[in-house]
Every structure is written in C-alpha cells, then in structure tokens.
Amino acid sequence: MTGSGEHLGRARERLTALLVDASTSALDAAGGHVAGVYLRSGTPGLLRLATLVGLPGPLFRPWWRLHMDRPYPVADAYRLGVRVVLPNATEMVRRYPQFAAGLPFQFGSVYTPVPGAAPSFGVLTVLRPAVPDTEDELPGLDHLGRLAEDLGAGLRELVAEEGEAAVAWEGEPVCVHPPALRPGPARAGRFTWDPATSAVRADDRLHALLGVAPGDFPATGAELAAAMTPTDAHQVLTALRETAAGRPPQSPLRVRAADGATRLLELWPPPGAADPTLVSGKGVVRRPGGGARGGGGGGAPRWL
C-alpha cells in the first residue's frame with residue numbers, strides 16, 4: 001500500500017511539473033498576465049483548473065470547475081478541438097456574455113486545446129493584454145500551439161505508463177507565482193522633429209534600435225512613424241503634432257513593431273504651445289515581458 005501511494009504521488013508530481021512548465025511558458029509566449037491548464041476530471045462532462053500562474057487562486061475560484069457543454073470559451077476549445085481567440089473584452093462580451101459578466105477585469109484571452117485524446121486532454125489558457133479588433137494576428141499564437149502540442153505529448157507518455165486516471169485532475173488548482181524575470185539594461189535612442197519642415201534628426205542608437213542604417217534613416221516625421229510601427233504610424237504622427245502644440249502624451253506611447261516587439265515612445269514639447277521649435281523624443285524597443293525564460297512574455301520587461 002505504501003509503495004502504491006508513493007507511485008501515485010510520483011505520477012502526480014510528474015503531471016504537475018508538466019502543467020506548471022506549460023503554463024509558465026505560455027505566459028511568456030503570449031505576453032500574458034495569467035495562464036493555466038484545464039484538464040478533464042473523474043466526473044463526466046467536468047473540466048477542472050489544474051494549474052494557475054500569475055493570479056491568486058481564490059480570485060479565480062468561480063472558474064475552477066467548468067462544464068464542457070456550457071457556453072464558455074474553455075468549453076468550446078475543449079469540445080470542438082479548436083483554438084478560441086478573444087482579442088479584447090468587447091469580443092468576449094459579444095461571443096460569451098454569460099462568461100464575461102462574472103469577470104472583474106478587462107483582458108484578451110487565448111484558449112488552446114491540448115491534443116492527444118478525443119477530443120483533447122484539456123485546454124491551455126492565457127489571459128493577456130487586450131488589443132484592438134483591427135489587429136490581424138496576436139503575437140505568440142504559433143508558440144502557444146507548439147506548447148500545447150508538447151504538453152499533449154508529455155501527457156500521452158504519462159497515460160501510456162500510468163493509465164488515463166493519471167491525467168484526470170481532482171481538487172483545487174496548483175497556484176504558482178510567475179518566474180522571476182530580470183530586466184536587461186535599457187537602451188534608448190533620441191531624435192528631434194521639426195514640425196515646420198517635418199525633418200528628423202536621430203542619434204546612432206536610434207538607428208541601431210530601429211535597424212536602419214544612418215544613410216537610410218527616415219527623413220520625415222511620417223517616415224519615422226512608419227519605421228517605428230507600421231500599424232500604429234498614425235498614432236505616432238498625431239502624438240508628434242500634439243506635442244508640437246504643447247500637448248505631449250501623459251505617458252510613453254506603446255506601439256507595436258512589425259516583428260511584434262513593443263516600442264515605447266516618449267516625447268517632450270517645445271517651449272511654447274504653438275512655437276515651431278524642435279520636438280524632442282526618445283524611442284525604446286521593448287519585447288513584451290521577455291526574460292530569463294526567453295521567447296517574450298508577461299511580467300517585467302526586457303529592455304533591448
């Protein structure tokens with residue numbers, strides 16, 4: 001009996017390690033705030049939250065148990081075997097009003113089925129910063145898919161050795177803190193913009209941060225905005241003009257580069273509200289939350 005108990009304990013430890021590793025890696029991959037894995041339980045039709053990273057367990061208690069046939073994104077991802085992507089709270093309310101009604105915070109979310117059994121072992125879940133509906137593709141989706149496949153492979157091995165019961169979850173979730181991330185040294189490039197001529201001057205560090213040779217560096221404000229962020233260039237241009245008029249942004253602008261990195265832009269106004277003197281700025285490239293685990297993700301920023 002003692003040997004059997006120890007054997008079951010080792011199997012549960014192995015399962016927990018697989019789930020925690022997948023959850024923390026998913027947090028990094030998607031730049032998320034919270035991540036976890038739902039697994040099938042011994043109760044037919046019931047999914048249980050097995051791991052939770054980034055949020056105290058009691059705050060998520062209403063969603064520790066979910067029925068597979070309920071109109072929730074976790075249940076749809078599990079039952080249909082397809083990834084469910086909700087870029088923001090508006091889309092969540094539109095598609096899952098019952099689920100959204102009980103959530104106390106605004107976010108985007110991704111629900112990826114874990115393959116390996118019919119229909120699946122469970123669902124890898126990430127709550128991440130919201131993005132506009134117009135954004136074509138959320139960063140990290142392919143990485144999340146690979147993490148779910150790797151987790152499925154690990155669970156299949158466990159089933160082959162221990163049986164189906166080894167991957168059924170009962171009881172409360174295992175809640176862990178995100179891994180500590182160490183930010184690297186900050187690197188920033190500076191520039192000036194002349195609103196009268198739209199001319200831009202920048203230092204070598206900004207050239208390097210944007211990956212543009214000095215001879216090819218943008219000569220105008222519009223070109224600078226496009227080089228910093230193709231999708232949010234209009235936001236940068238608007239901020240430049242408002243700063244020139246004495247209305248700088250209250251905090252650094254966060255815009256997305258073509259490679260998915262987050263760029264931070266700080267602007268300083270000219271001395272007079274409508275004085276056409278140079279606008280000063282500082283650009284910093286930040287990948288969302290990259291750190292010791294690599295691959296980009298939630299938590300403290302890694303400054304490049």
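**Entry 1: Ala26**

I looked up the neighbours of Ala26, leaving aside residues up to four places away in sequence, and found that Ala26 touches Ala35, Leu124, Val126, Leu144 and Leu147. I note at once that the model is a predicted one. Ala26 belongs to helix H1, which covers residues 2-29. I then asked whether Ala26 is buried or exposed. Its relative accessibility is 0%, and a residue under 20% counts as buried, so Ala26 is buried. I also checked the distance from Ala26 to Gly140: the two are 114 residues apart in sequence, yet their C-alpha atoms are 8.7 Å apart in space.

**Entry 2: The chain as a whole**

I turned next to the totals. The chain holds eight helices and 13 strands. It has 304 residues, of which 48% count as buried. I looked up contacts between residues at least 6 apart in sequence, and 56% of these join residues at least 24 apart. The accessible surface of the chain is about 14,600 Å², and carbon and sulfur atoms account for 55% of that surface.

**Entry 3: Helix H2**

I examined helix H2, residues 73-80, and found it mostly covered, with six of its eight residues buried. Which residues of H2 are buried? I listed Pro73, Val74, Ala75, Asp76, Ala77 and Tyr78. Just after H2 comes Gly81, which has a positive phi of about 70°.

**Entry 4: Helix H8**

I checked the length of helix H8, which runs over residues 233-244. Its twelve residues, at 1.5 Å a residue, should span 16 Å, and the C-alpha atoms at its ends are 17 Å apart, so the model agrees with the expected span. I then listed the buried residues of H8: Ala233, Val236, Leu237, Ala239, Leu240, Thr243 and Ala244. Viewed down the axis of H8, these buried residues fall within an arc of 160°, and therefore they line one face of the helix. For my own understanding I recorded a general point: an α-helix has 3.6 residues a turn, so residues three or four places apart point the same way. On the other side of H8 I found His234 and Arg241, both exposed. Gly246, just after H8, takes a positive phi of about 90°.

**Entry 5: Ser198**

I looked up Ser198, which has a positive phi of about 70° although it is not a glycine. Where does Ser198 lie? I located it in the loop between strand S8 (188-193) and strand S9 (200-202). Ser198 has a relative accessibility of 22%, so I entered it as partly exposed.

**Entry 6: Aromatic rings**

I searched the whole structure for aromatic pairs and obtained one. The pair is formed by Phe60 and Trp63, whose ring centres are 5.3 Å apart. The ring planes of Phe60 and Trp63 stand at 50°, and I therefore recorded the pair as tilted. I also looked up how covered each partner is. Phe60 has a relative accessible area of 6% and is buried. Trp63, with a relative accessible area of 7%, is buried too.

My last search concerned a charge over a ring. The charged end of Arg12 sits over the ring of Trp169, at 4.2 Å from the centre of that ring.

Conventions:
Residues are numbered from 1 along each chain as its sequence is written. This is a predicted model: local features need pLDDT of at least 70, side-chain atom pairs count only at pLDDT 80 or more; totals for chains, interfaces and linings use all residues. Side-chain values use heavy atoms; hydrogens and water are left out. Buried means under 20% relative accessible area, exposed over 50%, partly exposed in between (1.4 Å probe, protein chains only). Helices (H or I, at least four residues) and strands (E, at least two) are DSSP runs, numbered from the N terminus. Contact means heavy atoms within 4.5 Å. Accessible areas come from the Shrake-Rupley method with a 1.4 Å probe; for residues, only the protein chains shown count as cover. The expected span of a helix is 1.5 Å times one less than its number of residues. The arc is that of the directions from the helix axis to the C-beta atoms. Rings of Phe, Tyr and Trp (its six-membered ring) pair if their centres lie within 6.5 Å; planes under 30 degrees apart count as stacked, over 60 as edge-to-face and the rest as tilted. A charge sits over a ring if NZ of Lys or CZ of Arg is within 6 Å of the ring centre and within 35 degrees of the ring normal.
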